[in-house]
Amino acid sequence: MPATTTLYKAAHDAIENAISEAVDDEPVILWWDDGGYLEPLVEEVATQTGCRFRAAKTTPLELRSEAPRSQTLWYVPQQRPDDAEWFKDVESSGSVI
């Protein structure tokens with residue numbers, strides 16, 4: 001079956017939808033990527049949509065060390081754990097992809 005969209009377009013649409021559906025005017029979008037395969041693509045798309053991009057290098061909690069002051073995409077190169085309680089505030093005011 002042929003593809004109906006590109007990965008770039010799908011990522012762009014996901015980020016744009018997350019921004020438009022967020023409660024906050026300058027949301028933090030949390031992108032979980034099991035395996036970390038999409039980091040270069042997500043960084044490019046985030047920048048194109050006006051988001052500041054921050055990627056976790058060792059643990060997702062390191063993203064919390066600096067409070068975002070503008071529309072930001074937090075990229076976590078691992079699967080979302082079931083007990084990710086430390087991101088509930090981000091999920092309620094921003095969005096999760």
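**Arg54 and its sheet**

Me: In this predicted model, which residues does Arg54 touch, not counting residues up to four places away in sequence?
Reply: With those sequence neighbours left out, the list of contacts falls in two stretches of numbering. Arg54 touches Glu62, Leu63, Ser65, Glu66, Thr72, Leu73, Trp74 and Tyr75.

Me: Which side chain of opposite charge is nearest to Arg54, and how far away is it?
Reply: Arg54 is buried and has no salt bridge. A salt bridge would need a side-chain nitrogen within 4 Å of a carboxyl oxygen. The nearest side chain of opposite charge is that of Glu66, at 4.6 Å.

Me: Which backbone oxygen lies 3.0 Å from a polar atom of the Arg54 side chain?
Reply: Arg54 touches several residues, including Glu62, Leu63 and Ser65. The backbone oxygen at 3.0 Å from a polar atom of its side chain belongs to Leu63.

Me: Where in the sheet does the strand that holds Arg54 stand, at the edge or between two partners?
Reply: Arg54 lies in strand S2. The open sheet has four strands in the order S2-S3-S1-S4, paired in parallel. S2 (52-55) and S4 (95-96) each have a single partner strand, so one side of each is left without a neighbour in the sheet. The strand of Arg54 therefore stands at the edge.

Me: How many bridges join S1 to S3?
Reply: S1 covers residues 28-32 and S3 residues 72-76, and the two run parallel. Leu30 stands opposite Trp74 in S3. The number of bridges joining S1 to S3 is five.

Me: Which helix lies across S1, S2 and S3?
Reply: Helix H1 (residues 7-21) packs on the sheet and touches S1, S3 and S4. The helix of residues 39-48 runs at about 155° to S2 and lies across S1, S2 and S3; this is H2.

Terms used. Residues are numbered from 1 along each chain as its sequence is written. This is a predicted model: local features need pLDDT of at least 70, side-chain atom pairs count only at pLDDT 80 or more; totals for chains, interfaces and linings use all residues. Side-chain values use heavy atoms; hydrogens and water are left out. Two strands pair if DSSP finds at least two bridges between them. Contact means heavy atoms within 4.5 Å. Axes are lines fitted to C-alpha atoms, for helices over the stretch in contact, and angles run from 0 to 180 degrees between N-to-C directions. Buried means under 20% relative accessible area, exposed over 50%, partly exposed in between (1.4 Å probe, protein chains only). Lys and Arg count as positive and Asp and Glu as negative; His and the chain ends are not counted. A polar contact is a pair of N or O atoms within 3.5 Å; within protein, one must be able to donate a hydrogen and the other to accept it, and residues adjacent in sequence count only if both atoms are side-chain atoms.
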